[in-house]
Amino acid sequence: MAKIFNINGICKPEMHYMVGLTPRLREIKKMIDAGAYFTMNRARQYGKTTLLRALTGYLQDDYVVVSLDFQRMSSIDFENETSFVHALAREISRRVRAFENVSQTVKEDLRKMAGRSSQGVGMAELFDCLSDWCSQTQKPVVLFVDEADTATNNQVFLDFLAQLRAAYLERDVMPSFQSVILASVYDIRSVKRKLHPDGEHRENSPWNIAAKFGVDMDFSVSDIAGMLAEYEADHHTGMDIGGMSALLYDYTSGYPYLVSWLCKCMDEEIAAAPGSKEDGMAWTKEGFLEAVKMLLEDQNPLFESLMNRMNEYKEFNGLVARLLFQGQSIAYNADDLAVQNAKMFGFVKIRHSTVQIANRIFEARLYNRYLLGYQEQNSEIYTEGVKQKNQFVADGFLNVRLVLEKFVEAFHDLYGEKSRTFLEDEGRRYFMLFLKPIINGVGNCSVEPRTRNNERMDLVIDYRGERSIIEMKIWRGNAYHERGEKQLSDYLDYFQLQKGYMLSFNFNKKKEIGVKEVVLGDKLLIEAVV
């Protein structure tokens, strides 16, 4: 059977195109060899289960691995201690049958604890049984618990963590697991513990023995290139492996699900489009951008999870808006709960001690969410974009200069009398709102993070494989403007472009609105002023 790119469930090397996991497995094994108990804490669909499955095989020569999944346990299994012990003993018992050197006594004890007829059995008895097993095995025992956050904020689960902690602290006198790995989205170390019968909560966790898990699970450019090289050896598409790997990383920052989704789309949907194979388009920049457009329009579990978190954690909305539209540079503060939660769920990453949206795909999706909300409240500028959208594309190319000209006219007519504060807060957002219906369904845009600040923001538009850079800035006088022209020229060099665009929001009463051309060296700058 031919291999495919997989976005559903565990990836298996014999069935799926995958990045090489050996370097990560090697790093994790070092922690296990050192006897660490830790949490593999990453956002949804980050490859945690796939990594645990691969780790099981990687460790089999040196360890006995017991791999549990708390999603196999129902809500009734967490109702009280006895129910939990029944369920946990049942899951462990299923796995020890395949292991050698497990005494009949241990197997029988586990079987009895798993039976519903065994009443009043507690956590201590289960851990005594497990200790007996650990004392008998020739190889040390390692415990994996996947989807551990299924039970967070549950007293029984916290008691389970407390038993693990006690076993860890006493393992020099009482045999126990060599290592324990809890895989989850939520950081188990900060799980809320119910301490009082009146429902009061505070941050506390018995999992304070956990070692820091510093293994990078993002796909690097070389990781992606290795996966694509395997695909290319099978399919001979003629793709530029290095260039495609860099594109995939540029848009996803190595988020495993997003990389696999885009590859799967190019392989199965773009390549299947009429004429695509003959033109060799699927694995080119044009095919990649078409896949990005399709991804941004897709309702997949990852996006659904992100949007649910936005609804559940209202503080995310303010944080994301500050990053996307106000251009604020937010310094990382380890005690900022909103930032910590946004990082835990994968919305943001910490780069150079500042908070940034995790990747360009998330950024574009979040822009769509916010702009749709703004569309309802400020429909005039969006409506202008809708009314005028048919005039901006000729022979398949977007006329960005004409977009700027028509935006200047529409903005001046609608908002020319507004205050300076309005322009600073809303101007750039309104341009994106005007642009949205023009490129919707064909192109996409994103804000370049390295230029986002209170005075300058570069908007990158990808339309049918053609990239355009628009620098949106606040007017600070001629000297500042000339520096901005030089910055844009340098930025065009970075993207290997000859033409760029500037949109300046000018508050001078004697300003001259409109669009003009400026030649700077070998670059042509189209400058618009509102």
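Helix α9 holds both E268 and K264, four residues apart, about one turn of the helix; helices (H or I, at least four residues) and strands (E, at least two) are DSSP runs numbered from the N terminus. The side chains of E268 and K264 meet in a salt bridge of 2.9 Å, N to O, the term denoting a side-chain nitrogen of Lys or Arg within 4 Å of a carboxyl oxygen of Asp or Glu. E268 is partly exposed at 36% relative accessibility, while K264 is buried at 18%. Here buried means under 20% relative accessible area, exposed over 50%, and partly exposed in between (1.4 Å probe, protein chains only).

The model is predicted: local features need pLDDT of at least 70, side-chain atom pairs count only at pLDDT 80 or more, and totals for chains, interfaces and linings use all residues. Residues are numbered from 1 along each chain as its sequence is written, and side-chain values use heavy atoms, with hydrogens and water left out.

**Overall architecture**

The chain contains 19 helices and 17 strands. Of its 530 residues, 52% are buried. Among contacts (heavy atoms within 4.5 Å) between residues at least 6 apart in sequence, 69% join residues at least 24 apart.

**Salt bridges**

The whole structure has 25 salt bridges. Three of the pairs are listed below.

| Pair | N to O separation | Burial of the partners |
|---|---|---|
| D218 and K349 | 2.7 Å | both buried |
| E268 and K264 | 2.9 Å | E268 36%; K264 18% |
| D522 and K523 | 3.0 Å | D522 52%; K523 3% |

In the pair formed by D522 and K523, D522 is exposed, whereas K523 is buried. Elsewhere, salt bridges that share partners join R72, D77, R90, E91, R94 and R95 into one network.

The side chains of D218 and K349 also meet in a salt bridge. This pair links distant parts of the chain, 131 residues apart: D218 lies in the loop between β6 (201-203) and α7 (221-235), and K349 in strand β8 (residues 348-351).

**The loop between β3 and α6**

D149 is placed in the loop between β3 (141-146) and α6 (155-169). D149 is buried yet has no salt bridge, and the nearest side chain of opposite charge, R44, is 4.0 Å away; for this purpose Lys and Arg count as positive and Asp and Glu as negative, with His and the chain ends not counted. The D149 side chain reaches the backbone nitrogen of V185 at 2.9 Å, and one of its polar atoms lies 3.2 Å from the backbone nitrogen of Y186. Leaving aside residues up to four places away in sequence, D149 touches R44, S184, V185, Y186 and I188.

E147 lies in the loop between β3 and α6. Its phi is near 55°, a positive value in a residue other than glycine, and E147 is buried with a relative accessible area of 14%. Q45, in the loop between β1 (37-41) and α2, likewise has a positive phi near 55°; Q45 is partly exposed, at 27%.

**The second largest pocket**

A pocket is defined on a 1 Å grid over the protein atoms alone, as an open set of points where a 1.4 Å probe fits, with protein on both sides within 12 Å along at least five of seven lines; lining residues have an atom within 4 Å of a point. The second largest pocket has a volume of about 600 Å³, the space filled by probe spheres set on points joined across faces, edges and corners. Its lining comprises 28 residues, of which G9, Y46, G47, K48 and T50 lie nearest the centre. Helices α2 (48-59) and α9 (256-270) each supply at least two lining residues, and the largest share, four residues, comes from α2.

Note on methods:
Polar contact = N/O pair within 3.5 Å; in protein donor to acceptor, adjacent residues only side chain to side chain.
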